[in-house]
Amino acid sequence: DSISFFYTPGQAIAAKPPVGRSIQLGGLVQPGSVAKHPDGRVEFVVADQVAASKVVYQGDLPDLFREGQGIVATGAFRADGTFEARQVLAKHDERYMPKEITKALKEQGEWRGEGAPPPAYAAPKDAKPL
């Protein structure tokens, strides 16, 4: 019971953790998905290259929580497939991302941080102008 499992949304779908089991869900907050309600409830979608998971959270989000950035939420999936978070952690600067998210995004080819290959549409560094 003391083990905490970490999943991206795609990994969670494949692993099918039991309803109510405490896990960590990490990925990128999908732009346009954040909905804040008057009662303090917040809903947003965490996504990776493979899948997306709806997250609900009651409380104040970290100051650095933003759409499009990496987060890790601790909580459990409900029977309806929604992830109910008890805690949400956001990266603390533009260069930091939890190592689990970095590793998972690199494995999926989604990583855009330091050391990432240039996008397929980018010109090689040694290309000469025409």
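**Legends to the close-up views**

**View A. Lys54 is partly exposed, with a relative accessible area of 39%.** Here and below, buried means under 20% relative accessible area, exposed over 50%, and partly exposed in between (1.4 Å probe, protein chains only). The model shown is predicted, so that local features need pLDDT of at least 70 and side-chain atom pairs count only at pLDDT 80 or more, whereas totals for chains, interfaces and linings use all residues. Residues are numbered from 1 along each chain as its sequence is written, and side-chain values use heavy atoms, with hydrogens and water left out. The side chain of Lys54 meets that of Glu43 in a salt bridge (3.8 Å, N to O), a term that stands for a side-chain nitrogen of Lys or Arg within 4 Å of a carboxyl oxygen of Asp or Glu. Glu43 is buried, at a relative accessible area of 18%. Because Glu43 lies in strand 4 (residues 41-47) and Lys54 in strand 5 (residues 52-58), the pair ties together parts that are 11 residues apart in sequence. Strands (E, at least two residues) and helices (H or I, at least four) are DSSP runs, numbered from the N terminus.

**View B. Asp39, Arg41, Glu43 and Lys54 are linked in a network of salt bridges.** Within this network, Glu43 also meets Arg41 in a salt bridge (2.4 Å, N to O), and Arg41 is partly exposed, with a relative accessible area of 28%. The structure holds 5 salt bridges; one of them joins Asp80 to Arg78, with the closest N and O atoms 3.2 Å apart. At the latter pair, Asp80 counts as exposed, at 55% relative accessibility, and Arg78 as partly exposed, at 33%. In general, side chains of opposite charge can pair when their charged atoms come close.

**View C. Tyr57 has its place in strand 5.** Tyr57 is buried, with a relative accessible area of 12%, and its C-alpha atom is separated by 5.2 Å from that of Val42, which is 15 residues away along the chain. Not counting residues up to four places away in sequence, Tyr57 touches Gly40, Arg41, Val42, Ala85, Arg86, Gln87 and Val88, where contact means heavy atoms within 4.5 Å. On the same basis of sequence exclusion, Val88 touches Phe44, Tyr57, Leu61, Pro62, Phe65, Ile71, Val72 and Ala73.

**View D. Phe44, Ile71, Phe83 and Val88 touch the most other members of the largest nonpolar core, which has 18 residues.** Strand 2 (23-29), strand 4, strand 5, strand 6 (70-77) and strand 7 (83-90) each supply at least two residues of this core. A nonpolar core is a set of buried Ala, Val, Leu, Ile, Met, Phe, Trp, Tyr and Cys residues joined through side-chain atoms within 4.5 Å.

**View E. Strand 6 is mostly covered, with 8 of its 8 residues buried.** Strand 6 runs antiparallel to strand 2, to which 6 bridges join it, and antiparallel to strand 7, to which 7 bridges join it; two strands pair if DSSP finds at least two bridges between them. On the side of strand 2, the bridge partner of Leu25 is Ala73 in strand 6, while Gly75 stands opposite Ala85 in strand 7. The hairpin of strand 6 and strand 7 has 5 residues between the strands, and in this hairpin Gly81 takes a positive phi near 90°.

**View F. The structure holds 2 aromatic pairs.** The rings of Phe44 and Phe65 have their centres 5.0 Å apart and their planes at 65°, so this pair is edge-to-face. Phe44 lies in strand 4 and Phe65 in the loop between strand 5 and strand 6, so that the pair ties together parts 21 residues apart in sequence; both Phe44 and Phe65 are buried. The rings of Phe77 and Phe83 are likewise edge-to-face, because their centres lie 5.1 Å apart and their planes stand at 75°, and Phe77 and Phe83 are also buried. Rings of Phe, Tyr and Trp (its six-membered ring) pair if their centres lie within 6.5 Å, and planes under 30 degrees apart count as stacked, over 60 as edge-to-face and the rest as tilted.

**View G. The protein chain has 2 helices and 7 strands.** From the N terminus on, its elements run β-α-β-β-β-β-β-β-α. Buried residues make up 38% of the 130 residues in the protein chain, and residues 24 or more positions apart account for 51% of its contacts with a separation of 6 or more.
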